[in-house]
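Work through the exercises below with the sequence and the model open. Each task is followed by a solution in steps.

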Amino acid sequence: IARLKAEGRYRSVDVIRLDPDHPDRTALRAKFLAEHTHADDEVRFFVEGAARFYLHKAGKVFLFDAEAGDLIRVPAQTAHWFDMGPSPRFTALRLFISPDGWEAHFTGSPIAERFAKFEATVT
């Protein structure tokens, strides 16, 4: 964590954990299913479970299933969306330069609707 913070100039770290019984799982899933960007990098290290990132760059969409042990960095201003699935089960460390920089700026594009949702159930 210290190395990542130093390399990326990240100032803070927190932990997000969701499981299938989380009362807000449906709303939290829906929040980031639309294409958006952030002013800062989106950095996640998955400790357990899985989720999917969709990156939209240079006219292509790249899918990445993040699982325990994976580190993902979505560069600032990169259009993307995130799907934790209908029964989320993951724990991830999130690194921030500024929590305000992580605010989602939705593009208004319907592109995410054309791609299959993440339906994996991780035990």
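## Exercise 1: The pocket lining

In this predicted model, the strand β3 contributes the most to the lining of the largest pocket, namely 4 residues.

Task: State the volume of the largest pocket and describe its lining by residue, by element and by class.

Solution.
- Step 1. The volume of the largest pocket is about 220 Å³.
- Step 2. The lining consists of 17 residues, and those nearest the centre of the pocket are I16, F32, F82, R94 and W102.
- Step 3. Two or more lining residues come from each of β1 (12-18), α2 (25-31), β3 and β7 (89-96).
- Step 4. Sorted by class, the lining holds 11 nonpolar, 2 polar and 4 charged residues.

## Exercise 2: Strand β6 and its neighbour

Task: Decide how β6 is covered on its two faces, and find how it pairs with β3.

Solution.
- Step 1. Count the buried positions: 5 of the 5 residues of β6 are buried, so the strand is mostly covered by the cut-off of under 20% relative accessible area.
- Step 2. Separate the faces. In a regular strand, side chains alternate between the two faces of the sheet.
- Step 3. In β6, one side carries A79, W81 and D83, the other H80 and F82, and all of these are buried.
- Step 4. β3 and β6 pair in the antiparallel sense, over 5 bridges. Within β6, F82 is the bridge partner of F53.
- Step 5. Link this to Exercise 1: F82 is also among the residues nearest the centre of the largest pocket.

## Exercise 3: A glycine in a loop

Task: Locate G85 and determine whether G85 is buried or exposed.

Solution.
- Step 1. G85 sits in the loop between β6 (79-83) and β7.
- Step 2. The relative accessible area of G85 is 1%, so this residue is buried.
- Step 3. Leaving out residues up to four places away in sequence, G85 touches R29 and F118.
- Step 4. R52 is 33 residues from G85 along the chain, and their C-alpha atoms are 8.2 Å apart.

## Exercise 4: Salt bridges

Task: The whole structure has 8 salt bridges. For R3 with E7, R73 with D41 and E42 with R44, give the closest distance between N and O atoms, and state the exposure of each partner.

Solution.
- Step 1. R3 and E7 form a salt bridge with the closest N and O atoms 3.2 Å apart. The two residues are 4 residues apart in helix α1 (residues 2-8), which means that about one helical turn separates them. R3 is exposed at 56% relative accessibility, and E7 is exposed at 55%.
- Step 2. For R73 and D41 the closest N and O atoms are 3.3 Å apart. R73 belongs to strand β5 (residues 71-74) and D41 to the loop between β2 (36-37) and β3 (42-57), so this pair ties together parts 32 residues apart in sequence. R73 is partly exposed at 47%, whereas D41 is buried at 16%.
- Step 3. E42 and R44 have their closest N and O atoms 3.5 Å apart. E42 is buried, with 5% relative accessibility, and R44 is buried, also with 5%.
- Step 4. Look for shared partners: R29, D83 and E119 are joined into one network by salt bridges that share partners. Within this network, R29 is also a contact of G85, and D83 is one of the buried residues of β6.

Technical notes:
Residues numbered from 1 in each chain as written. Predicted model: local features only at pLDDT ≥ 70, side-chain atom pairs only at ≥ 80, totals over all residues. Heavy atoms only, no water. Salt bridge = Lys/Arg side-chain N within 4 Å of Asp/Glu carboxyl O. Buried < 20%, exposed > 50% of the residue type's maximum accessible area, 1.4 Å probe, protein only. 1 Å grid on protein atoms, 1.4 Å probe; cavity = no way out; pocket = protein on both sides within 12 Å on 5 of 7 lines; lining within 4 Å. Points joined across faces, edges and corners; volume = space filled by probe spheres on them. Nonpolar A, V, L, I, M, F, W, Y, C, P; charged D, E, K, R; others polar. Contact = heavy atoms within 4.5 Å. Pairing = 2+ DSSP bridges.
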